[in-house]
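Please open the model in your viewer and keep the selection tool at hand. The stops below take you from one place to the next, saying at each what to select and what is there.

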Amino acid sequence: MIPPFCIGDKRYFLDILREAVLMDQVLEEVVEALRKVKELEPDLSSGRLFIHSYETGNDELRAIALEAYKLFYNSNALNPLVFRSALYFEREVVGFSRELMSGGEDVVGTLTYGGTESIVLAALAAREAFRRAKGSSVVPEIVAPVTAHPAIRKAAWLLGMKVVETPVDPSTKKADVEAVKEALGPNAVLVYVSAPNYPFGTIDPVRAVAEAASDKGVPVHVDACIGGFILPFMERLGYTLEPFDFRVDGVTSISLDVHKYGYSPKGASVVLFRNPEMKKRTIFVDVAWPGYPFINTTILSSRSVAPMAAAWATIKYLGFEGYLDMARKVVDALREITESLRKLGFKLSGPLESPVISLYLDEDERIIEFHANMSLKGWIIGLQPRVKGLASYNVHLTISPIHRRVAKTFIEDARKSLEEGAPRELKEVYEIVFKDPLKAAKGVVEARLASIVIALLLSMIPPGEAAEMAKELVVEVSRR
Ligand SMILES: Cc1ncc(COP(=O)(O)O)c(C=O)c1O
């Protein structure tokens, strides 16, 4: 745009023109570079991802979420009195989530940036209640089954708490209620259960656990980060599932992620609290410092409203019926894929209770070969490690609506992958991993068979050393 005062001033006019051309060039170069970086990532709409992605394949939905993102990309949720949008989106998204979880009028919530943050806030509410009653000289304990998402261990690490791990039933992969009862000592401040857990997709016996916990006055957090936006719809489609929401007495908080089966872009999760007192315990206020009133309901302070707006737009666009439609697609794909894989000899690691499944074969080696062949065919599926007394190597699939489109190709490739035997690349991986695990770890970032390298390494190296190695690697790869 050439400012009007340039008319007649030829030299100035040409300067501006030159600058505009240069700017166009810079813009093109930056966009070109962005596209190149994007090429490093898998294409979500291809349906080839079975981890970390919840793709609908609906272009209209994507366009709407993107529009919301654009409109609010630089609005700051730090101060809802200035940026009113943040409060509006939060109220709406929390309201929808509360209905999904059958929460009563007293249930309140916070819109966070992700499941981990929601879980940290739930742990914080529990810790603060305990501290008020007993002071801060004892370490508060969270009782959680081994299948608990690491977010709860991270919460404990951040908040000076301790996780007391309890076993799960090896066949159902559900929390062992008796073990939870035994673990509920005098310093227990929270019990964590999943609906469902990430590794095996099974739902913990929430009612029985909640009964045991409330007998001792201990609150219960349900991690429904995966299940919150899909299980209620699966129930409507005829699945009989373990009750896990606020209908269960003793459940005091629930986390559910809009950016998982709520299908919004990343950066949106909700934590719901049974009553306002619990939420109050998670709010940090500093009105005594010399600046603006600092009132934080989340871990971050300044943060973009964009993911909140996109979450709202996604919920608004889909509505209850839209979610039900998506759930239909998910369960169709789930049925087709599990039934076909079972016919090929795969076994489910636990009962089928969610769209997250884990499958294994009788011989460990064959599942690793299978995973390698599928990876080489461009499928991104999880390979989960062997855990003594719990699971052999297994593959993890998170089924999304888009998978209905690709189910047949997936199954055909699965059949071929089983027949093919070990690929050459896998033999190379074995050789490096067994000869020099550290070198193998360093190669992980670039490796095409990264999941295999990681799963093998994890099963070979003691956890403490593996963690150290991971930290060293992360620092290395983040350096220029
Ligand atoms: C059961 C469960 N809880 C919590 C989380 C953490 O969610 P986020 O990655 O959004 O922090 C995940 C992530 O996969 C999960 O599967």
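A residue is called buried if 20 or more other C-beta atoms lie within 10 Å of its own, exposed if 12 or fewer do, and partly exposed in between, with the C-beta atoms placed from the backbone. Before selecting anything, note that this is a predicted model, in which local features need pLDDT of at least 70 and side-chain atom pairs count only at pLDDT 80 or more, while totals for chains, interfaces and linings use all residues. Residues are numbered from 1 along each chain as its sequence is written.

**The whole protein**

Begin with everything shown, and you will find 16 helices and 13 strands, where helices (H or I, at least four residues) and strands (E, at least two) are DSSP runs numbered from the N terminus. The C-alpha atoms fill a box of roughly 85 × 60 × 45 Å along the principal axes. The radius of gyration, taken over C-alpha atoms, is 25 Å, which agrees with the value near 23 Å for a compact globule of 480 residues; the globule rule is 2.2 Å times the number of residues to the power 0.38. Of the 480 residues, 44% are buried.

**Two loops with a positive phi**

Most residues other than glycine have a negative phi, and most peptide bonds are trans. Now select Y263, in the loop between β6 (251-257) and β7 (269-273), where phi is near 65°, a positive value in a residue other than glycine. Is Y263 buried or exposed? Y263 is buried, because 26 other C-beta atoms lie within 10 Å.

Move next to H52, in the loop between α1 (10-38) and α2 (59-71), which also is not a glycine and has a positive phi of about 60°. H52 has 12 C-beta neighbours inside 10 Å and therefore counts as exposed.

**A cis peptide bond**

Select A195 and P196 together, since the peptide bond from A195 to P196 is cis, with omega near -5°. P196 belongs to the loop between β4 (188-194) and α7 (206-215).

**Around the ligand**

Select the ligand, which has 13 residues around it, with G114, G115, T116, H149 and Y198 coming nearest; a residue is near a molecule if its C-beta atom, placed from the backbone, lies within 6 Å of it. This shell divides into four nonpolar, seven polar and two charged residues, where Ala, Val, Leu, Ile, Met, Phe, Trp, Tyr, Cys and Pro count as nonpolar, Asp, Glu, Lys and Arg as charged, and the others, Gly among them, as polar.

**M308 in helix α10**

Select M308 in helix α10, which counts as buried because it has 29 C-beta neighbours inside 10 Å. Leaving aside neighbours within four places in sequence, M308 is in contact with residues including A77, F89, L111 and A268, contact meaning that the C-beta atoms of two residues, placed from the backbone, lie within 7 Å.

**Helix α12**

Finish with α12 (residues 403-420), whose 18 residues reach 24 Å from first C-alpha to last, close to the 26 Å expected, the expected span being 1.5 Å times one less than the number of residues. At T409, α12 bends by about 30°, the bend being the angle between axes fitted to the seven residues ending there and the seven starting there. H403, R404, F410, A414 and S417 are buried in α12, and the buried residues of α12 pack against α10 (306-343) and α11 (364-376). Just after α12, select G421, which takes a positive phi of about 75°.
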